[in-house]
Amino acid sequence: MSLSRDAILALDRAHVWHPYTTDDGSERSSEPIVVARAEGSWLVDVDGSRYLDGNASWWTQTLGHGHPRLLRALEDQARALAHVAFAGTTHEAGAALARDLVAVAPPGLDRVFFTDNGSTAIEVAIKIAVQLFENEGRPKKKRFLALDGAFHGETIGATSLGGVDVFKKPFAGVLFDCVHAPFPEEGAYAAAFDALVDLVRREHETIAAVFVEPLVQGASGMRTYPPDYLRAIRDVTRAHDVLLVADEVFTGYGRTGRMWACEHAGITPDLLCTGKAFAAMLPMAATLVTERVASAFRGAKERTLWYGHTFCGNPLGAAVAREVLAVYRDEDVVGQAARKAPRIAAAFARLASLPGVARVRSLGMMGALDLEGGVHLDMGYLGDLGWKVYAEAKARGAYLRPLGDTVYVCPPLVMDDQELDLLLRIVDESVRAAVTSWR
Ligand SMILES: *Cc1c(COP(=O)(O)O)cnc(C)c1O
């Protein structure tokens, strides 16, 4: 590699449109980190500066960057078979991955549909839900229910399920109808649950599925709710023959201290979507379904699920995803996460009483705080207090991309204790410095 930092930045400014930005990046408060390499928990920029990856690169690198076993699996698979259409063919990587995934999934989820990112894992769940009832002769069941504050991805279907207005507003009129139930805010669980039950009871004849992010809404600001609420959603959906889709794209793979967030509630959803950490470094995702779901697509040609992506079942992604599961087993990654979690909880609890911090929370290897002045959801997203913390953290050697005015960490689950303590110290210092500067 030969381009200088400035040359890369100039090309970037001239041609690249980054996610969640204006076209010209005019809202950017600081220059992007020009990453040259990444190893373990660290991003290394072109000048050799090192940054702890506080969000595990959008929650994907639970095993850290460049895990040698994943690289070897990728290399071996690339030499043998990098891609083939997953139609009229199959391959060891895909078949064995499906078996290994089913083995660790909540009991009863035993068929796997592969897609190429989290949004499409949701999109196929939407289509499966609609067509299931179509195939069963109940075509009125075509609507969906989701929670306020939900984030399920970026395609039109996934955006329609979303409950963050700022993401939806420009697309009003194009998105499909989705009923939203109140988010179970602390102190208001009972009321939120009653509202949800009421909606399902009243509208189940037209509702195909309820979509939830189990226990933590990630993108809307790491908002948590208790397992009881999830269990209750399971009960009411089952009672009214409404499918429950668990979006574990963020929460899966040990982030919450268990392999799946659903495990905290001891439930099996009808469909479960996984992505992000699932294939670590490659765009690959999966939607698991129960026999009750799969059986609706059997028996006659008209029952075919008309859905597929060019790269679904990609052998490279499948080989890496399979090795991810093997490393999870061999290194007890979920156990490691559960053991380290209390350090995150303690660090965020220490910030709770700081003037300028509105509230803190943590679950497993996730810790978050809302900066005061940021109003949740809409305003919070457009707020720039979080970016002040980002700049402070960057100067101290950590990458802490905020969610508006919510500052959080979701580090690699295998981050060692010294690195984790360093990251948490940087969070502490950066929040204190940022709060002092604006108060
Ligand atoms: C990231 C995310 C998605 C979308 O996944 P992409 O791979 O970005 O399309 C869906 N649901 C949840 C909960 C997510 O965190």
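A polar contact is a pair of N or O atoms within 3.5 Å. The views below come from a predicted model.

**View 1. Polar contacts of the ligand with Gly118, Ser119 and Asp247.** A polar backbone atom of Gly118 lies 2.8 Å from an oxygen atom of the ligand. An oxygen atom of the ligand is also 2.6 Å from a polar atom in the side chain of Ser119. At Asp247, a polar side-chain atom is 2.7 Å from a nitrogen atom of the ligand. The ligand taken alone exposes 380 Å², and the protein buries 83% of that.

**View 2. The residues around the ligand.** The shell includes Trp59, Asn117, Gly118 and Ser119. Phe151, His152 and Gly153 are also around the ligand, as are Glu213, Asp247, Val249, Phe250 and Lys276. Sorted by class, this shell has 4 nonpolar, 5 polar and 3 charged residues.

**View 3. The aromatic pair of Phe151 and Phe167.** The count of aromatic pairs in the model comes to 17. One of them joins Phe151 and Phe167 in an edge-to-face arrangement, with 5.8 Å from centre to centre and 75 degrees between the planes. Phe151 sits in the loop between β5 (143-147) and α6 (156-161), and Phe167 belongs to helix α7 (residues 165-168). The two residues are 16 residues apart, and the pair links distant parts of the chain. Phe151 is also one of the residues around the ligand.

**View 4. The largest cavity.** The model has 1 cavity of 30 Å³ or more. The volume of the largest cavity is about 40 Å³. Its lining includes Trp59, Thr62, Glu248, Val249, Phe250 and Gly252. Tyr253, Arg255, Thr274, Gly275 and Ala277 also line the largest cavity. By class, 5 residues of this lining are nonpolar, 4 are polar and 2 are charged. Trp59, Val249 and Phe250 line the largest cavity and are also found around the ligand.

**View 5. The second largest pocket.** This pocket has a volume of about 680 Å³. Its lining is made up of 27 residues, and Arg111, Val112, Phe113, Phe114 and Leu305 lie nearest its centre. The elements that give two or more residues to this lining are α4 (92-104), β4 (109-115), β12 (285-290) and α11 (291-294). β4 gives the most, with 5 residues. The lining of the second largest pocket divides into 16 nonpolar, 7 polar and 4 charged residues.

Technical notes: Residues numbered from 1 in each chain as written. Predicted model: local features only at pLDDT ≥ 70, side-chain atom pairs only at ≥ 80, totals over all residues. Heavy atoms only, no water. Near = heavy atom within 4 Å. Polar contact = N/O pair within 3.5 Å; in protein donor to acceptor, adjacent residues only side chain to side chain. Areas by Shrake-Rupley, 256 points an atom, 1.4 Å probe, with all protein chains shown as cover. Nonpolar A, V, L, I, M, F, W, Y, C, P; charged D, E, K, R; others polar. 1 Å grid on protein atoms, 1.4 Å probe; cavity = no way out; pocket = protein on both sides within 12 Å on 5 of 7 lines; lining within 4 Å. Points joined across faces, edges and corners; volume = space filled by probe spheres on them. Helix = DSSP H or I, 4+ residues; strand = E, 2+ residues; numbered from the N terminus. Phe/Tyr/Trp six-rings, centres within 6.5 Å; stacked < 30°, edge-to-face > 60°.
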